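Here's a quick briefing to read alongside the structure. Have the viewer open and follow the topics in whatever order suits you.

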Amino acid sequence: MHIQSLSIENFRNLQPTRLHFSPQLNIIYGNNAAGKTSILESLYILGHGRSFRTSRHNKLVNHDHDSFTLFAELTAHGSGHKLGIQRFRNNDVHMRLNQEPLSKLSDLVSLAPVQVLAPEHYELLTKGSSGRRKMLDWGVFHVEHSFLKRWQDCQRLILQRNKLLKTSKSYRELAVWDSQLVPLSIKVNQYREDYCQLLQPFFNSIIKSFLPDVDVSLHFYQGWQGHDLEQLLIEQYPKDAKHGYTHSTIQKADLKIMSGKRLAADYLSRGQQKLVTTALKLAQLSLAQERGQQYPVFLLDDIGAELDQEHQQMLLDFLAQQPSSQQIFITCVHLDPLKSLINRYNNVRLFHVEHGAVTVIDTASEKNVQ
């Protein structure tokens with residue numbers, strides 16, 4: 001998938017602009033708080049319908065307006081598309097694809113896969129399982145599209161079950177729901193487990209270059225103990241009914257990152273944890289390139305903020321070896337550390353951001369970065 005152009009109106013501090021991108025490498029640079037990350041954020045919204053920085057959508061709208069608008073021309077699944085998204089302060093959202101209304105976010109995610117590595121993600125190992133589970137499910141969705149329908153059906157049944165738990169007098173009232181929930185949960189679990197097995201060799205290869213002397217591995221936890229989910233739900237009914245929700249479900253699944261027999265978060269330094277997160281994101285990108293329906297757009301925010309110089313260079317070397325059809329966006333404060341990467345690409349676009357205004361740098365200067 002390639003994003004060819006993007007028009008931005010009333011988004012954060014960015015001045016209204018229309019940008020045309022390289023299908024390969026795009027670098028956005030400028031001082032801190034200039035608006036660089038806001039461009040990546042707008043690109044991310046094209047593929048997710050939400051920000052990677054905040055859940056408060058009203059924060060994305062410029063303070064002088066009631067809504068922001070993004071309009072993109074992109075190529076996906078071999079065809080050209082026009083995608084428009086307008087989101088209001090009251091959280092209403094209007095989406096149109098090729099002039100037709102688009103009602104489901106899942107259609108947006110399928111059309112425009114976008115992956116981001118940003119400072120907000122470097123606490124992936126230490127925070128709760130939700131972030132790791134979302135990362136896992138994003139990867140599963142783009143490798144196995146039938147996953148989404150079963151996942152959605154599971155979520156619906158869990159909500160219905162939890163509602164019934166608050167009023168039920170015996171387990172028999174839940175049995176009919178569980179007869180549907182159990183096989184669906186097992187299937188979702190299998191999709192996730194299969195994906196982890198596919199991801200592991202990609203992750204192993206990358207993490208060994210980042211942390212050659214550290215043992216790190218991925219382990220999938222399905223969200224319940226044992227193999228007989230049906231029996232477990234029966235046994236846990238008193239506990240579930242007391243608390244009003246289901247304790248053993250796909251919503252409890254986790255991607256556990258281990259160092260030896262211990263959780264990596266309890267053993268690795270903060271710097272090492274950042275490298276593990278980076279390796280996970282890059283492994284997902286590589287797997288999507290090999291097994292997905294199309295290449296995701298890859299966003300890298302503020303490369304100089306979290307990694308030391310040695311590992312920054314390792315990351316840049318990895319990006320320099322990407323397939324020619326992989327589209328990449330990078331933000332940075334200074335261009336000089338990226339000079340070697342820029343010189344390895346045939347098609348590069350540079351954008352300078354200052355006080356929300358975006359300037360395209362003359363193409364003739366792109367290979368002569370000082």
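What follows covers two helix pairs, one helix taken alone, and two loop residues. Keep in mind that this is a predicted model.

**Helices α4 and α5**

- Helix α4 (residues 147–165) packs on helix α5 (residues 175–210) at an angle of about 140°, and their axes sit 9 Å apart.
- Antiparallel is kept for angles over 145 degrees, so α4 counts as oblique to α5.
- As for handedness, α4 and α5 make a left-handed crossing.
- On the α4 side, the contact uses Phe147, Arg150, Trp151, Asp153, Cys154, Leu157, Ile158, Gln160, Arg161 and Leu164.
- Facing them from α5 are Trp177, Asp178, Gln180, Leu181, Leu184, Ser185, Lys187, Val188, Tyr191 and Arg192.
- Sort the residues of this α4–α5 contact by type and you get eleven nonpolar, three polar and six charged.

**Helices α3 and α9**

- The axes of helix α3 (residues 129–143) and α9 (270–291) cross at roughly 10°, coming within 9 Å of each other.
- Angles under 35 degrees count as roughly parallel, and α3 and α9 therefore fall in that class.
- From α3, the residues involved are Met135, Leu136, Trp138, Gly139 and Val143.
- Their partners in α9 are Leu280, Lys281, Gln284, Leu287 and Arg291.
- By type, the α3–α9 contact has six nonpolar, two polar and two charged residues.

**Helix α10**

- Does the length of α10 (residues 309–320) fall where it should, and what span should its twelve residues have at 1.5 Å a residue? The expected span is 16 Å, and the end C-alpha atoms are 16 Å apart, so the two agree.
- His311, Gln312, Leu315, Leu316, Phe318, Leu319 and Ala320 are the buried residues of α10.
- Those buried residues pack against three helices and two strands, namely α5, α9 (270–291), α11 (339–344), β12 (297–300) and β13 (328–332).

**Two loop residues with positive phi**

- Most residues other than glycine have a negative phi.
- Gln99 goes the other way, with a positive phi near 75°.
- You'll find Gln99 in the loop between β6 (93–97) and β7 (100–101).
- Is Gln99 buried or exposed? Its relative accessible area is 53%, and the cut-off for exposed is over 50%, so Gln99 is exposed.
- His355 also has a positive phi, near 50°.
- His355 lies in the loop between β14 (348–354) and β15 (357–360).
- With a relative accessible area of 66%, His355 is exposed.

Conventions
Residues numbered from 1 in each chain as written. Predicted model: local features only at pLDDT ≥ 70, side-chain atom pairs only at ≥ 80, totals over all residues. Heavy atoms only, no water. Axes fitted to C-alpha atoms, helices over the stretch in contact; angles between N-to-C directions. Helix = DSSP H or I, 4+ residues; strand = E, 2+ residues; numbered from the N terminus. Parallel < 35°, antiparallel > 145°, perpendicular 65-115°, else oblique. Left-handed = near helix turned anticlockwise from the far one by under 90°. Contact = heavy atoms within 4.5 Å. Nonpolar A, V, L, I, M, F, W, Y, C, P; charged D, E, K, R; others polar. Expected span 1.5 Å × (residues − 1). Buried < 20%, exposed > 50% of the residue type's maximum accessible area, 1.4 Å probe, protein only.
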